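Visitor: I should like a close look at a single part of this model, followed by its setting in the whole. Please define each term once as it arises.

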Amino acid sequence: MAKVTMAQALNTALRDALGEDERVLVFGEDVGPLGGVFRITDGLTRDFGEQRCFDTPLAEAGIVGLAVGMAMGGFRPVVEMQFDAFAYPAFEQIASHVAKLRNRTRGRIGLPMVIRIPYAGGIGGVEHHCDSSEAYYAHTPGLKVVTPATAEDAYWLLRDAVADPDPVVFLEPKKLYWSREDTDLETRGALPFGRAAIRRAGRDATIVAYGPSVPVAMAAAEAAAEDGIELEVVDLRTLVPFDDETVTESVRRTGRCVVVQEAQGFAGVGAEIAARVQERCFHSLAAPVLRVAGFDIPYPPPKLEHAHLPGVDRILDAVDRLQFSDEPDTRHLLKGAVT
Amino acid sequence: MSVKSLRQTVQGLLPSLSPVRFVAEDGTPVAKQPTDYTEPEVEALLEAWRRMVLGRRFDTQATALTKQGRLAVYPSSRGQEACQIGAVLALRPDDWLFPTYRDSVALVTRGIDPVEVLTLLRGDWHCGYDPAATRVAPQCTPLATQVLHAVGMAESMRRKGEDGVAMALVGDGATSEGDFHEALNFAAVFRAPVVFFVQNNKYAISVPLARQTAAPALAYKGIGYGVRAEQVDGNDLLAVLAVLTAAVEHARAGNGPVLVEAHTYRMDAHTNADDATRYRENDEVDQWRAADPVDRLETCLRSRGALTDEDVAALREEAEELAARVRAGMNADSVLDPLELFDHVYADLTPQLREQRAQLAAELAESAQAQED
């Protein structure tokens with residue numbers, strides 16, 4: 001086993017996809033000779049040629065619109081949006097065409113394409129470089145939405161995304177690009193696309209997390225274990241399709257659930273998960289399903305992002321409020337009374 | 001680049017100073033015939049005339065169907081037949097067309113079943129024909145967004161070594177959209193075999209051209225991207241067909257994209273739901289009526305002895321048969337299965353969609369049962 005970063009895993013996935021299927025094309029801004037600003041496409045133009053991995057003019061709607069036409073024409077485009085917030089000019093193409101062409105044509109034209117987007121914060125990025133934009137995509141029927149938390153998942157989920165008959169928005173947690181893990185990337189894990197992973201088994205409460213929040217949830221579970229509380233950590237891997245089964249099974253077993261996301265909480269993916277959990281697990285729940293999220297504010301400047309991002313302490317505070325004693329938690333009511 | 005070669009490059013990209021035109025409004029040849037374009041053969045003109053007459057009958061029939069509630073809405077292209085038919089006749093069957101909602105007549109001309117064309121506007125589904133089989137993309141509603149798809153399709157044909165061309169249809173309003181400009185730029189950079197055909201019908205719903213652009217003509221939007229451009233009298237079928245045929249061949253030969261602007265006029269309101277008297281004068285409409293593209297071509301062909309009263313009468317009969325077929329097709333109640341709503345969201349149903357599909361199936365069964373009881 002070698003130490004592999006998520007960035008290397010993604011690069012290897014693109015490399016293997018280009019090598020195995022000549023319909024696969026990689027394009028976007030600076031993805032050619034430079035290898036992308038995060039070097040995810042490093043060496044691909046050199047090794048596969050300008051025909052397979054190439055730079056485009058700087059226009060995101062253009063990149064995605066071009067990819068739609070090329071997917072209609074039989075290619076399998078994998079495009080890169082340079083940063084989360086730079087993908088917004090492409091949103092009309094994504095919401096109105098990428099997501100809908102199969103349905104519009106009654107299944108006659110599918111769009112096998114991947115839109116890779118480095119997303120979320122935690123790297124000290126200035127404004128427009130740290131948005132957690134997953135809810136926009138997850139809310140749009142017709143898209144699959146993926147976000148890996150490990151290098152191994154980054155490789156296999158990207159391979160699956162490229163092979164998928166439907167368009168996939170592939171959200172890469174940029175703060176995890178350089179995290180290393182022991183993996184050979186050669187043996188596929190047991191979990192298929194669309195299934196969540198139980199990263200840590202535990203009996204006391206379920207922490208549901210995805211992408212950049214998974215390592216934070218794992219750290220919180222480590223800390224809780226020192227206090228004798230065993231947290232189960234579920235890594236969703238794919239937001240769409242959503243794995244109700246794994247989440248539901250876990251929460252029914254633990255009876256408690258905290259959903260963690262970096263994104264601002266209001267109308268976010270975590271809200272959807274909390275709703276689904278209480279709809280399916282109500283009679284197993286010993287406490288309300290809690291959300292730990294970013295605040296409902298525009299993403300902060302780099303020096304203040306630590307105050308915004310959900311950390312271990314915020315997760316542990318939520319775990320504390322899961323009514324392990326029989327006393328209902330009334331702190332939020334008291335706070336309301338003071339203000 | 002020397003000043004001389006730069007000047008040549010620029011001149012090669014710029015459109016003619018005035019729109020290319022073979023035939024004047026009264027159907028007689030203009031004094032100064034275009035020298036850069038070949039006038040189409042009489043056989044091609046007769047075929048175009050046939051298609052224009054049929055196309056107009058289809059268009060007026062579709063408008064009539066809105067009044068009977070058989071179509072939810074219809075955006076007419078009456079007055080733009082030279083553009084609608086010229087565009088399609090300039091293409092080969094293996095070329096691709098990327099139309100808008102106003103281009104139904106072009107689709108009928110392309111040979112798509114009229115009922116399938118009207119599926120969108122009837123409200124049965126968002127696209128009624130098979131885009132892969134017909135090489136016609138779904139009629140696009142969000143303005144100019146499909147122009148990028150045309151560039152992508154053109155680029156994919158080029159990369160596969162096919163000599164197909166993609167043609168994108170847009171109106172004057174769409175040239176203000178960002179996607180239009182990104183498409184021109186991408187196409188030029190990749191030298192994609194694509195033709196951008198702007199039907200400048202003078203109105204974007206109610207907003208007149210003067211509020212849309214300060215450019216001398218929309219065709220001048222090509223030069224900034226290095227896209228060769230031309231402008232043409234959009235009500236002169238001879239000119240439209242000649243210019244578009246040349247543009248398609250230019251793209252097919254690997255010489256890069258071409259932008260063609262046709263000056264035409266939308267005779268009807270934006271759709272049947274619109275009231276054009278709120279934003280334009282009847283005098284203006286009357287002036288354009290005198291420039292009618294169908295009459296103009298008919299006069300031209302008659303003056304050349306290529307058309308007789310019998311021909312005209314026979315075609316009129318054929319047009320009535322077409323209209324009757326459209327009426328019959330649209331009067332037949334369509335059979336729709338609400339459960340199909342789930343079937344094409346993804347290649348396979350997600351677990352959630354499977355649940356929701358089952359839920360709707362149960363609701364439908366319940367209401368069917370209630371109706372029986």
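Guide: The account below begins with one helix pair and then widens to the two chains and their contact.

This is a predicted model, in which local features need pLDDT of at least 70, side-chain atom pairs count only at pLDDT 80 or more, and totals for chains, interfaces and linings use all residues. Residues are numbered from 1 along each chain as its sequence is written, while chains are lettered from A and ligands numbered from 1 in the order in which they are written.

The part chosen is helix H1 (residues 6-20) of chain A with its partner, helix H7 (residues 151-163) of chain A; the two pack at an angle of about 30°, and their axes are 8 Å apart. Helices (H or I, at least four residues) and strands (E, at least two) are DSSP runs, numbered from the N terminus. Axes are lines fitted to C-alpha atoms, for helices over the stretch in contact, and angles run from 0 to 180 degrees between N-to-C directions. H1(A) and H7(A) are therefore roughly parallel to each other; that term covers angles under 35 degrees, with over 145 counted as roughly antiparallel, 65 to 115 as roughly perpendicular and the rest as oblique. The crossing of H1(A) past H7(A) is right-handed, a crossing being right-handed if the near helix is turned clockwise from the far one by less than a right angle, and left-handed if anticlockwise.

On the side of H1(A), the contact is made by Met6(A), Ala9(A), Leu10(A), Thr12(A), Ala13(A), Asp16(A) and Ala17(A). H7(A) supplies Ala151(A), Glu152(A), Ala154(A), Tyr155(A), Leu158(A), Arg159(A) and Val162(A). Two residues are in contact if their C-beta atoms, placed from the backbone, lie within 7 Å. By class, the residues of this contact are ten nonpolar, one polar and three charged; Ala, Val, Leu, Ile, Met, Phe, Trp, Tyr, Cys and Pro count as nonpolar, Asp, Glu, Lys and Arg as charged, and the others, Gly among them, as polar.

Within this pair, Met6(A) belongs to helix H1 of chain A. Met6(A) counts as buried because it has 27 C-beta neighbours inside 10 Å. A residue is buried if 20 or more other C-beta atoms lie within 10 Å of its own, exposed if 12 or fewer, and partly exposed in between, with C-beta atoms placed from the backbone. Leaving aside residues up to four places away in sequence, Met6(A) touches Ala151(A), Ala154(A), Leu176(A), Tyr177(A) and Ser179(A). Its C-alpha atom is separated by 9.3 Å from that of Pro173(A), which is 167 residues apart from Met6(A) along the chain.

Chain A as a whole has 13 helices and 14 strands. Its radius of gyration is 20 Å, which agrees with the value near 20 Å for a compact globule of 339 residues; the radius is taken over C-alpha atoms, and the globule rule is 2.2 Å times the number of residues to the power 0.38. Of the 339 residues in chain A, 54% are buried. Among contacts in chain A with a separation of 6 or more, 78% involve residues 24 or more positions apart.

Two backbone details of chain A deserve mention. A cis peptide bond, with omega about 0°, joins Val240(A) and Pro241(A), and Pro241(A) lies in the loop between strand E12 (238-240) and helix H9 (244-254). Arg106(A), a residue other than glycine, has a positive phi near 50°; it lies in the loop between helix H5 (101-104) and strand E5 (114-119).

Chain B has 14 helices and seven strands, and 46% of its 373 residues are buried. Here too a helix pair can be described: the axes of helix H3 (residues 81-89) and helix H10 (residues 237-252) of chain B come within 9 Å and cross at roughly 30°. The crossing of H3(B) and H10(B) is right-handed, and their contact has nine nonpolar, one polar and no charged residues.

Finally, the contact between the chains takes 35 residues from chain A and 33 residues from chain B. H8(B) gives the most to the side of chain B that touches chain A, with ten residues. That side of chain B has 18 nonpolar, ten polar and five charged residues.
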